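Could you walk me through this model in my viewer, one selection at a time? I would like to know what to click on next and what I will find there.

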Amino acid sequence: MSAQVIAMILAPLLGLFIVSIGNGFLSSLTTLRLDTAGASETVIGLVSSAYFIGLTLGAVFHDRLIARIGHIRAYSSFASLITVSVLLQGMYFDVWFWFALRLLYGWAAIGVFLVIESWLLLASDQKMRGRILALYMIALYGSGMLGQIALGTVDAWGEGAPYMAAAILASLSVLPIVILPKVTPVVERVEALKPLDLLRMTPSGVIGCFGSGIAIAAIYALLPLYLQRTGRDISEVGTMMASVILGAMVLQYPVGRWSDRQDRRIVLITIGIACVLLSAFVITLPQSSPFLIVVFFLLGGAIFAIYPVAVSFAADSTSADALVRMIQGLLLINSLGSAISPLIISPVMAVMGPVGLFWALSVLNILMVGFFIWRRGARPESTPAAPFAPATPYSPIGAELRVTDEMIQGAIENDNTDAIHVVLPEQETAKQ
């Protein structure tokens, strides 16, 4: 990697790292403060879902805004909105007010990720994207883990201190962006594949991404509630959440490389079974057990690996010129799963208690495993066409960033003409 490329990607990665520290502890803190204030599980789920709804809406509309006002101005605007929403959240408590603020936060946060990912895309070619994507994942998960670890310390500073700290971090994240060379990345609007087209083309990919969205959002939004309801203080909640994110960061790549040598549906089935067993361990193990932190580490690795393996499976049967549209469509499906997750799982916790979270995760994964087994019987085993690339479901630009030269070459060698006819308009197919 040349010095010029390093200089190009250092600033956006640093900005991402700074803003994501605050995002890491604020997501857990919001759930914990709502619980402390006596909010019901359903209300907590409603407020938590607002963030993911904001992410989904922003992913659909922000590319036009960024193209109109430019990346530096857009990033500054989004970071300012994050700062304002966080400070207002710390100033006044009201459930509906917090719902609106978390919606605004999610809407602005996805704008931040769009700007950062488009800058990384500009700095890379297809041969280099794998390495840049790896650095992106390290910055994202590393900062999230650090934010969770810092949760107890920041909360000890005072009731309003965490909100001020998150606001300061969001403001500081602007500095690396504004000192970049005045190069404006180009965001080309690519229309994502429609859900029905994706469902016809890759049912397992759609179900895997949708289920992954439900599970990941439940971890971020409702696992802190479970931990606090089972007697842990804020510092212990942060440590447990950090172990989950560490598992996501450490285990995603080895699981993905395993999927390169195996039918990816077998990998998805195995991951789903692992999630069921690990959820059962959480339900049955004593809350004082030292093994719980190991279980959470493994659970994080399993849950966060479902999305990239499902996307890789879908890519195995997609034409090269439809890869970006396919991944963006799966991202939208994942986002929809995230948006409804707290709304459907929090009532389960209201009826069954905190442990209802893990009963819900068990049922979700049992359903996915059953679907993957059925699909494997209905369709012959598929051969992985391109090396696995790690991924996190954030913005549409991230879809283009992860389409590497190896993935394109794999799609060309796979030459799946049936998939081409499913996902491309007739006139595009005729050109081939």
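Start by selecting residues 417-432, where pLDDT stays under 50 in this predicted model. The model has 23 contacts beyond four places in sequence for this stretch. Where pLDDT is low, the predicted coordinates should not be read in detail. Now colour the whole chain by pLDDT: its mean is 84, and 84% of the residues reach 70 or more.

Next, on to the charged side chains. The whole structure holds eight salt bridges, and three of them make good stops.

Select Glu41 and Arg229, whose closest N and O atoms are 2.7 Å apart in a salt bridge. This pair links distant parts of the chain, with Glu41 in helix H2 (residues 41-69) and Arg229 in helix H10 (residues 203-229), 188 residues apart. Is Glu41 buried or exposed? Glu41 has a relative accessible area of 14%, so it counts as buried. Arg229, at 32%, is partly exposed. Add Asp35 to the selection, and you have a network of salt bridges linking Asp35, Glu41 and Arg229.

Move to Arg200 and Asp197 for another salt bridge, with the closest N and O atoms 2.3 Å apart. Both sit in helix H9 (residues 195-201), and because they are three residues apart, about one helical turn separates them. Show the surface here: Arg200 is exposed at 57% relative accessibility, while Asp197 is buried at 18%.

Then pick Asp260 and Arg257, which form a salt bridge with closest N and O atoms 2.8 Å apart. These two are in helix H11 (residues 234-260), three residues apart and therefore separated by about one helical turn. Asp260 is buried, with 18% relative accessibility, and Arg257 is partly exposed, with 30%.

Now for the nonpolar side of the surface. Select Val84, Leu87, Leu88, Met91, Tyr92, Met164, Ile168, Leu172, Leu175, Val178 and Ile179: together they form a nonpolar patch with about 1,100 Å² of accessible area. Helices H3 (71-91), H7 (161-172) and H8 (174-178) are the elements that give two or more residues to this patch. Which helix gives the largest share? That is H3, with four residues. If you centre on Ile168, you are in helix H7.

Finish with the cysteines. How many disulfides does a search of the whole structure find? The count is zero. Select Cys209, which is buried at 0% relative accessibility, and then Cys275, also buried at 0%.

Technical notes: Residues are numbered from 1 along each chain as its sequence is written. This is a predicted model: local features need pLDDT of at least 70, side-chain atom pairs count only at pLDDT 80 or more; totals for chains, interfaces and linings use all residues. Side-chain values use heavy atoms; hydrogens and water are left out. Patches are made of residues with over 30% relative accessible area and no salt bridge: like charges are joined within 9 Å, nonpolar side chains (Val, Leu, Ile, Met, Phe, Trp, Tyr) within 5 Å. Accessible areas come from the Shrake-Rupley method with a 1.4 Å probe; for residues, only the protein chains shown count as cover. A salt bridge is a side-chain nitrogen of Lys or Arg within 4 Å of a carboxyl oxygen of Asp or Glu. A disulfide is a pair of cysteine sulfur atoms within 2.5 Å. Buried means under 20% relative accessible area, exposed over 50%, partly exposed in between (1.4 Å probe, protein chains only). pLDDT is the predictor's confidence in each residue, from 0 to 100. Contact means heavy atoms within 4.5 Å.
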